[in-house]
Amino acid sequence: MPKARILLVDDEQDLVWAVRHSLRDEGYEVLTAYDGMEALAVARRHCPDLVILDILMPRLDGLQVCQRLRLDPTLATVPILFLTVRSTIEERVKGLDRGGDDYLVKPFD
């Protein structure tokens with residue numbers, strides 16, 4: 001059975017390293033990107049089963065990436081988990097309204 005493929009997108013390299021290793025230890029295939037433009041390219045090339053997406057990133061922020069993924073017929077139904085320091089209720093609602101499926105605030109355990 002093929003491993004589920006997760007695209008992890010964050011500009012914090014230390015966080016990407018730690019989360020990637022944790023997910024791999026759990027048996028997932030993990031793809032990474034460090035900005036919004038790279039995230040779109042990787043998603044279109046590899047069609048992940050899940051996208052874990054930071055909001056505050058260079059080039060394109062996570063909200064813009066989410067909106068573009070939702071407009072792509074091939075990627076529109078891929079679940080998106082926002083992983084971000086933005087923690088207010090308004091920011092959470094905005095992320096979910098823009099197409100996110102869930103929202104996890106950094107730091108996390």
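**Entry 1: the middle of the sheet**

How many bridges pair E3 and E4, and in which sense do the two strands run? I began here, keeping in mind that this is a predicted model. I found three bridges between E3 and E4, and the pairing is parallel. To see one of these contacts for myself, I picked Ile52 and looked for its bridge partner in E4, which is Leu81. Then I followed the chain from E3 to E4: it passes through helix H3 (residues 62-71), and this β-α-β crossover is right-handed.

**Entry 2: the whole chain**

Next I stepped back to count the elements. The protein chain has five strands and four helices. Reading from the N terminus, I wrote down the order β-α-β-α-β-α-β-α-β. I also looked up the radius of gyration, which is 13 Å; the globule rule gives 13 Å for 109 residues, so the chain is as compact as a globular protein of that length. For the overall dimensions, I noted that the C-alpha trace spans about 40 × 35 × 25 Å along its principal axes.

How much of the chain is buried? I read off 41% of the 109 residues. On the outside, the chain exposes about 6300 Å², and carbon and sulfur atoms supply 51% of that area. I also checked how far along the sequence the contacts reach. Among contacts between residues at least 6 apart in sequence, 57% join residues at least 24 apart.

**Entry 3: strand E1 and its two partners**

Is strand E1 (residues 5-9) largely enclosed or largely open? I found that four of its five residues are buried, so the rest of the structure largely encloses E1.

I then looked for the strands that pair with E1. One of them is E2 (residues 29-33), which runs parallel to E1 and is joined to it by five bridges. Here I noted Ile6, whose bridge partner in E2 is Val30. The path between these strands was worth tracing too: E1, helix H1 (residues 13-25) and E2 form a right-handed β-α-β unit.

E1 also pairs with E3 (residues 50-53), again in the parallel sense, over four bridges. I wrote down two of the facing residues. Leu7 has Val51 as its bridge partner in E3, and Leu8 stands opposite Ile52. Ile52 was already in my notes, as the bridge partner of Leu81 in E4.

**Entry 4: strands E4 and E5**

From E4 I moved on to E5. These two strands run parallel and are joined by four bridges. Leu81 turned up again: its bridge partner in E5 is Asp102. Between the strands comes helix H4 (residues 89-97), and E4, H4 and E5 together make a right-handed β-α-β unit.

Which residues of E5 are on its covered face, and which on its uncovered one? I put Tyr103 and Val105 on the covered face, with Asp102 and Leu104 on the uncovered one.

**Entry 5: the aromatic pair**

I searched for aromatic pairs and found one in the structure. The rings belong to Phe82 and Tyr103, with centres 6.1 Å apart and planes at 55 degrees, so I recorded the pair as tilted. It links distant parts of the chain, since Phe82 is in strand E4 (residues 80-84) and Tyr103 is in strand E5 (residues 102-105), 21 residues apart.

Are the two partners buried or exposed? Phe82 is buried, with a relative accessible area of 0%. Tyr103 is buried as well, with a relative accessible area of 9%.

**Entry 6: two residues of helix H4**

Last, I looked at two residues in H4, starting with Glu91. Its relative accessibility is 26%, so I noted Glu91 as partly exposed. What does Glu91 contact, leaving aside its neighbours within four places in sequence? I found Arg86 and Tyr103. Glu91 and Tyr103 are twelve residues apart along the chain, and 9.7 Å separates their C-alpha atoms.

My other choice in helix H4 was Val93. With a relative accessibility of 41%, Val93 counts as partly exposed. I checked its distance to Ser22, which is 71 residues away along the chain, and the C-alpha atoms of the two are separated by 28 Å.

Conventions:
Residues numbered from 1 in each chain as written. Predicted model: local features only at pLDDT ≥ 70, side-chain atom pairs only at ≥ 80, totals over all residues. Heavy atoms only, no water. Phe/Tyr/Trp six-rings, centres within 6.5 Å; stacked < 30°, edge-to-face > 60°. Buried < 20%, exposed > 50% of the residue type's maximum accessible area, 1.4 Å probe, protein only. Pairing = 2+ DSSP bridges. Right-handed = clockwise from strand over helix to strand, strands pointing away. Rg over C-alpha atoms; globule rule 2.2 N^0.38 Å. Contact = heavy atoms within 4.5 Å. Areas by Shrake-Rupley, 256 points an atom, 1.4 Å probe, with all protein chains shown as cover.
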